[in-house]
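Here are my notes on the model, in numbered points. Have the viewer open while you read.

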Amino acid sequence: MNIRYIILCVAVCICGVAHAQTFETGGVVGVEYDYKILKGWHFSAEGELRFDYNFTHYNRAKLAVGTDYTFWQKRMKVGASYSFLNYHDREDQLFDNRHRIKAFVSLAPKFGQWKVGWRVMAQTTFRDARRGDYTFNPKTYLRNRLSVSYAIPQTRLKLQLSEEFWWRLYKPGNNIIDQMRTVLGLQYAIDRHHTLDFYLRYDNEVQVRNPEHMLYFGVAYSFE
């Protein structure tokens, strides 16, 4: 893998969106716990804080619990989760609580040091009607993600790259792809049970009025 080529591509993308009027940077900090219930069956719990407006504004907090089952020689996985979300509206200075449920299926075969993955996920978000007059509530999306990772030999490092798009299903007659996400990450395995993930995440709204473009710098700690 040509690492310098990947870094150059990311730099070009950043420079390309830097001129967008709605381009901002932010940060994401997360922690995740994974518990093995039975062979192939796991429970997980996750917490996350997200900041935007060039790292100066609290944007969102997330608490999530989920379960998943891996089968077919660890190639396929199915799972579901629930998330409690707390958003802060920068313009109206209001806090908005939301509830989200997800269900997914993924396929991720390995080819030596490489792993190629595909995931399809159904996501529904329920918003608090007392906080606003929402035209569409809940909002349902079908998310598709293609990913590739490479475990660097003789190291504890793994390179990861993914592309994902959101296909909205809640607006009859106008079900379009309105968001895309590109993630470039580096995972470091501290030991068998603890890992650190460092990543760049570019969230790009498309086919909507006043699209937002966000570049997040993220770090996540996982343990089991």
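In which strand is Trp-41 found? The answer is strand β2, and point 6 comes back to the surroundings.

1. Ground rules. This is a predicted model, where local features need pLDDT of at least 70, side-chain atom pairs count only at pLDDT 80 or more, and totals for chains, interfaces and linings use all residues. Residues are numbered from 1 along each chain as its sequence is written, and side-chain values use heavy atoms, with hydrogens and water left out.

2. Overall layout. The protein has one helix and twelve strands. Helices (H or I, at least four residues) and strands (E, at least two) are DSSP runs, numbered from the N terminus. Along the sequence the helix comes at the start of the pattern, α-β-β-β-β-β-β-β-β-β-β-β-β. Of the 224 residues, 36% count as buried; buried means under 20% relative accessible area, exposed over 50%, and partly exposed in between (1.4 Å probe, protein chains only). Among contacts with a separation of 6 or more, 44% come from residues 24 or more positions apart, a contact being heavy atoms within 4.5 Å. The protein exposes about 14000 Å², and carbon and sulfur atoms supply 60% of that. Accessible areas come from the Shrake-Rupley method with a 1.4 Å probe, and for residues only the protein chains shown count as cover.

3. Salt bridges, starting with β2 and β3. The structure holds eight salt bridges, each being a side-chain nitrogen of Lys or Arg within 4 Å of a carboxyl oxygen of Asp or Glu. One of them joins the side chains of Glu-48 and Arg-60, at 2.9 Å from N to O. Glu-48 lies in strand β2 (residues 41-52) and Arg-60 in strand β3 (residues 57-71), so this pair ties together parts that are twelve residues apart in sequence. Both ends are covered: Glu-48 counts as buried at 15% relative accessibility, and Arg-60 counts as buried at 7%.

4. The network around Arg-119. Glu-164 forms a salt bridge with Arg-119, with the closest N and O atoms 2.9 Å apart. Since Glu-164 lies in strand β9 (residues 157-168) and Arg-119 in strand β7, the pair ties together parts that are 45 residues apart in sequence. Glu-164 is buried at 4% relative accessibility, and Arg-119 is buried at 13%. Add Arg-143 and you have a network of salt bridges linking Arg-119, Arg-143 and Glu-164.

5. The Asp-203 pair, and a serine to look at. Asp-203 forms a salt bridge with Arg-181, the closest N and O atoms being 2.8 Å apart. This pair links distant parts of the chain, with Asp-203 in strand β11 (residues 194-205) and Arg-181 in strand β10 (residues 177-189), 22 residues apart. Asp-203 is buried at 9% relative accessibility and Arg-181 is buried at 15%. Arg-181 also turns up among the residues touched by Ser-162. Ser-162 is found in strand β9 and is buried, with a relative accessible area of 14%. Leaving out residues up to four places away in sequence, Ser-162 touches Arg-145, Leu-146, Ser-147, Arg-181, Thr-182 and Val-183.

6. The nonpolar patch. Back to Trp-41, which counts as partly exposed at 36% relative accessibility. Trp-41 belongs to a nonpolar surface patch of about 960 Å², made with Tyr-35, Ile-37, Leu-38, Phe-43, Val-65, Tyr-69, Val-78, Tyr-82, Ile-101 and Phe-126. Patches are made of residues with over 30% relative accessible area and no salt bridge; like charges are joined within 9 Å, and nonpolar side chains (Val, Leu, Ile, Met, Phe, Trp, Tyr) within 5 Å. Strands β1 (23-38), β2, β3 and β4 (76-89) each supply at least two residues of the nonpolar patch, and β1 gives the most, with three.

7. The charged patches. Lys-36, Lys-39, Lys-74, Lys-110 and Lys-115 gather in a patch of positive charge on the surface. Lys and Arg count as positive and Asp and Glu as negative, while His and the chain ends are not counted; the place of a charge is taken as NZ of Lys, CZ of Arg, CG of Asp or CD of Glu. Lys-115 sits in strand β7 (residues 114-127) and is partly exposed, with a relative accessible area of 31%. A negative surface patch is formed by Asp-89, Glu-91, Asp-92 and Glu-212. Asp-89 lies in strand β4 and is partly exposed, at 33% relative accessible area.
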